Amino acid sequence: QRQLVESGGGLVKAGDSLRLSCSASGRTLGSYAVGWFRQAPGNEREFVAAIKWNGISAHYADSVSGRFTISRDNAKNTVYLQMNSLKPEDTAVYYCATDGRGPRRTILSESKSEYDDWGQGTQVTVSS
């Protein structure tokens with residue numbers, strides 16, 4: 001069974017850092033772009049960041065650009081989200097997913113409808 005598993009969330013104070021991990025079982029991430037999304041209570045799931053299958057380039061939401069960094073280690077079948085200078089508005093459940101349009105796509109997508117194999121999410125709570 002193909003599954004992504006997110007980890008690394010927690011409760012931190014504003015200005016702190018966290019690193020989230022997204023690992024895969026039952027599939028290889030190496031040929032697919034991977035995206036991170038987040039969902040706060042009462043809000044739609046929103047795009048955070050995505051990285052190409054080969055790690056050469058990434059794309060970020062304006063709200064996290066300059067503070068978050070997405071990276072991947074295909075040898076470990078894992079994608080990371082380094083989150084620095086966290087703000088209370090970053091509080092949400094964070095999810096990773098793979099690009100459902102197919103392998104080795106050249107254009108990264110912000111649309112959650114184009115991603116699949118979603119994980120269960122990891123909670124990030126930032127206190128002020």
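This is a short talk on one protein model, going from the overall fold to one strand and then to one loop residue.

Okay, hi everyone. Before anything else, keep in mind that this is a predicted model.

Let's start with the big picture. What do we have in the way of helices and strands? Well, the count is 0 helices and 11 strands. So if you walk along from the N terminus, you just read β-β-β-β-β-β-β-β-β-β-β.

How does the overall size look? The C-alpha atoms fill a box of roughly 40 × 30 × 30 Å along the principal axes. For 128 residues, a compact globule would have a radius of gyration near 14 Å, and this protein comes out at 13 Å, which agrees.

Now the inside and the outside. Of the 128 residues, 41% are buried. The accessible surface is about 6300 Å², and carbon and sulfur atoms account for 44% of that. As for charges, there are 15 positive and 13 negative side chains, with the centres of the two sets 5 Å apart. And if you take the contacts with a separation of 6 or more, 60% of them are between residues 24 or more positions apart.

Next, have a look at strand β4, residues 34-39. Is β4 mostly covered or mostly open? Mostly covered: 5 of its 6 residues are buried. Here's the general textbook point: side chains in a regular strand alternate between the two faces of the sheet.

Which strands does β4 pair with? One is β5, residues 46-51, which runs antiparallel to β4 and is joined to it by 5 bridges. Within that pairing, Val34 sits opposite Ile51. The hairpin of β4 and β5 has 6 residues between the strands, and there Gly42 has a positive phi near 80°. The other is β9, residues 92-99, again antiparallel to β4, over 6 bridges. On that side, Gly35 faces Ala97.

Last stop, Asn77. You'll find Asn77 in the loop between β7 (68-73) and β8 (78-83). So, is this loop residue buried or exposed? Its relative accessibility is 15%, and since the cut-off for buried is under 20%, Asn77 counts as buried. And what does Asn77 touch, leaving out residues up to four places away in sequence? Cys22, Ser23 and Ala24, then Arg27, Thr28, Leu29 and Gly30.

To recap: we went through a protein with 11 strands and 0 helices, a mostly covered β4 that pairs with β5 and β9, and a buried Asn77 in the loop between β7 and β8. Thanks, happy to chat.

Conventions: Residues are numbered from 1 along each chain as its sequence is written. This is a predicted model: local features need pLDDT of at least 70, side-chain atom pairs count only at pLDDT 80 or more; totals for chains, interfaces and linings use all residues. Side-chain values use heavy atoms; hydrogens and water are left out. Helices (H or I, at least four residues) and strands (E, at least two) are DSSP runs, numbered from the N terminus. Buried means under 20% relative accessible area, exposed over 50%, partly exposed in between (1.4 Å probe, protein chains only). Contact means heavy atoms within 4.5 Å. The radius of gyration is taken over C-alpha atoms; the globule rule is 2.2 Å times the number of residues to the power 0.38. Accessible areas come from the Shrake-Rupley method with a 1.4 Å probe; for residues, only the protein chains shown count as cover. Lys and Arg count as positive and Asp and Glu as negative; His and the chain ends are not counted. The place of a charge is taken as NZ of Lys, CZ of Arg, CG of Asp or CD of Glu. Two strands pair if DSSP finds at least two bridges between them.
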